[in-house]
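Colleague: I have a new model open and would like to go through it with you. Could you take me through the fold, the packing and the odd spots?

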Amino acid sequence: MAAQKINEAHEHIAKAEKCLKTGLTKWKPDFDSAASEYAKAAVCFKNAKQYDQAKDAYLKEAEYHTENKTLFHAAKAIEQAGMMMKEQKKMPEAIQYIEKACMMYMENGTPDTAAMALDRAGKLIEPLNLEKAVDLYQKAAGVFENEDRLRQAVELLGKASRLLVRLKRLDEAAVALQKEKNMYKEIENFPMCFKKTTAQVLVHLHRGDYVAADKCVRESYSLPGYSGSEDVVAMETLLQGYDEQDEDQVYRVCNSPLLKYMDNDYAKLAISLRVPGGGGGKKKKAPAAPAGGAGGAAAPAEEDDDYEGGLC
């Protein structure tokens, strides 16, 4: 089967080369047909799992689409070349091709396609290189933002913010979260603004900046529905506990459902938060903890009831 597909691929390449020949009756190469034959050759190589040859065929297809001034199709072919690198686990090369394709999509006036390709590239590289994934997600968000597609932009910013937290680049995470919150406010998704305020507080407290954390909560009072919400009750309680170095109070809030069921990166910030000079952990179990509870894994005491159902 593979051998048959490889033979078919070479037949398509021969046809492509024939399309490019000129003579007395044919003055110009037929770039369109050549590109089409290389595309067919690439698929045959791909089906035969000859990914390196498939990549070369896609790059040839891109070359002749470029000659033919069909840049969108050239970009698609280059993106496919990147996917062939991905099949060979050559992720840095794959990302280079996809980024090149994105530049061409932008030049061709199809920014949405560019942003979606950058998002795909981010997902590909994320397991191997978080820093590069952050860069790709932020670029994709920027493209969507320029197109006034804020819902798509803010989703990608959210991915970048979470990875910045995972990388412990908390200063940058704080800036990214503020931008996220501003976008959610612009599209009037206020419940998400509340969640981003909680994330901001956790990031700022891990940075040791109580003043910035408190400011985020104060500013959020202007958001419709924030005053009196379970979110603000939790944050006021957390800030009070942190300020007063009350480890038990901080522990109870950080282990409440509202915080424990946030996105994983923020939940980890919550359960690892310690008060300044608190000795690295809560001093005593909450009064109503079950007798057989396992330390930090025990269910929080009845004070947690204020925060139950945190995700609505």
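Modeller: Let me fix one term before we start: a residue is called buried when its relative accessible area is under 20%, exposed when that area is over 50%, and partly exposed in between. Please also keep in mind that this is a predicted model.

Colleague: Fine. Is Met 104 buried or exposed, then?

Modeller: Met 104 has a relative accessible area of 9%, which is under the 20% cut-off, so it is buried. The residue sits in helix H5, and, leaving aside neighbours within four places in sequence, Met 104 is in contact with Thr 66, Leu 71, Ala 74, Ala 75 and Ile 78.

Colleague: How many residues apart in sequence are Met 104 and Leu 71?

Modeller: They are 33 residues apart in sequence, and their C-alpha atoms are 6.7 Å apart in space.

Colleague: Stepping back, how many helices and strands are there in the chain?

Modeller: The chain has 15 helices and 0 strands. Of its 312 residues, 47% are buried, and of the contacts between residues at least 6 apart in sequence, 58% join residues at least 24 apart. The exposed surface comes to about 15700 Å², with carbon and sulfur atoms supplying 51% of it.

Colleague: Let's look at H3. What does it pack against?

Modeller: The buried residues of H3 pack against helix H1 (2-20), helix H2 (31-47), helix H4 (71-87) and helix H5 (91-107). H3 itself covers residues 51-67, and its 17 residues reach 24 Å from the first C-alpha to the last, close to the 24 Å expected at 1.5 Å a residue. Among its buried residues are Tyr 51, Ala 54, Lys 55, Tyr 58 and His 65. Just after the helix, Lys 69 takes a positive phi of about 65°.

Colleague: Hold on, why does Lys 55 count as buried?

Modeller: Lys 55 counts as buried because its relative accessibility is 13%, and the limit is 20%. Beyond its neighbours within four places in sequence, Lys 55 is in contact with Ala 81, Met 84, Met 85 and Tyr 97. With Met 84, the C-alpha to C-alpha distance is 5.6 Å, although the two are 29 residues apart in sequence.

Colleague: Now the nonpolar cores. Which residues have the most contacts inside the largest one?

Modeller: Those are Leu 238 and Leu 259, in a core of 74 residues. Another core, of 19 residues, lies apart from it and includes Tyr 38, Ala 54, Ala 81 and Met 84. As a general background, nonpolar side chains tend to be buried together in soluble globular proteins.

Colleague: And what does Leu 238 touch?

Modeller: Not counting residues up to four places away in sequence, Leu 238 touches Val 201, Leu 202, Leu 205, Val 250, Val 253, Cys 254 and Leu 273. Val 250, Val 253 and Cys 254 are among the buried residues of H13.

Colleague: How many residues of H13 are buried?

Modeller: In H13, which runs over residues 247-254, 8 of its 8 residues are buried, including Glu 247, Asp 248 and Arg 252. They pack against helix H12 (230-243), helix H14 (257-260) and helix H15 (264-271). At the start of the helix, a side-chain oxygen of Asp 246 comes to within 3.2 Å of the backbone nitrogen of Asp 248.

Colleague: Which residue in the loop before H13 has a positive phi?

Modeller: Gln 245, in the loop between H12 and H13, has a positive phi of about 55° although it is not a glycine. Its relative accessible area is 46%, so Gln 245 is partly exposed. Asp 148, in the loop between helix H7 (130-146) and helix H8 (150-166), also has a positive phi, of about 60°, without being a glycine; Asp 148 is exposed, with a relative accessible area of 65%.

Colleague: Last topic, the cysteines. How many disulfides are there?

Modeller: The count comes to 0 disulfides. Cys 44 is buried, with a relative accessible area of 6%, and Cys 102 counts as buried at 4% relative accessibility. Another cysteine, Cys 216, is touched by His 204, a residue of helix H10 (residues 190-206) that counts as buried at 9% relative accessibility.

Notes
Residues are numbered from 1 along each chain as its sequence is written. This is a predicted model: local features need pLDDT of at least 70, side-chain atom pairs count only at pLDDT 80 or more; totals for chains, interfaces and linings use all residues. Side-chain values use heavy atoms; hydrogens and water are left out. Helices (H or I, at least four residues) and strands (E, at least two) are DSSP runs, numbered from the N terminus. Buried means under 20% relative accessible area, exposed over 50%, partly exposed in between (1.4 Å probe, protein chains only). Contact means heavy atoms within 4.5 Å. Accessible areas come from the Shrake-Rupley method with a 1.4 Å probe; for residues, only the protein chains shown count as cover. A polar contact is a pair of N or O atoms within 3.5 Å; within protein, one must be able to donate a hydrogen and the other to accept it, and residues adjacent in sequence count only if both atoms are side-chain atoms. The expected span of a helix is 1.5 Å times one less than its number of residues. A nonpolar core is a set of buried Ala, Val, Leu, Ile, Met, Phe, Trp, Tyr and Cys residues joined through side-chain atoms within 4.5 Å. A disulfide is a pair of cysteine sulfur atoms within 2.5 Å.
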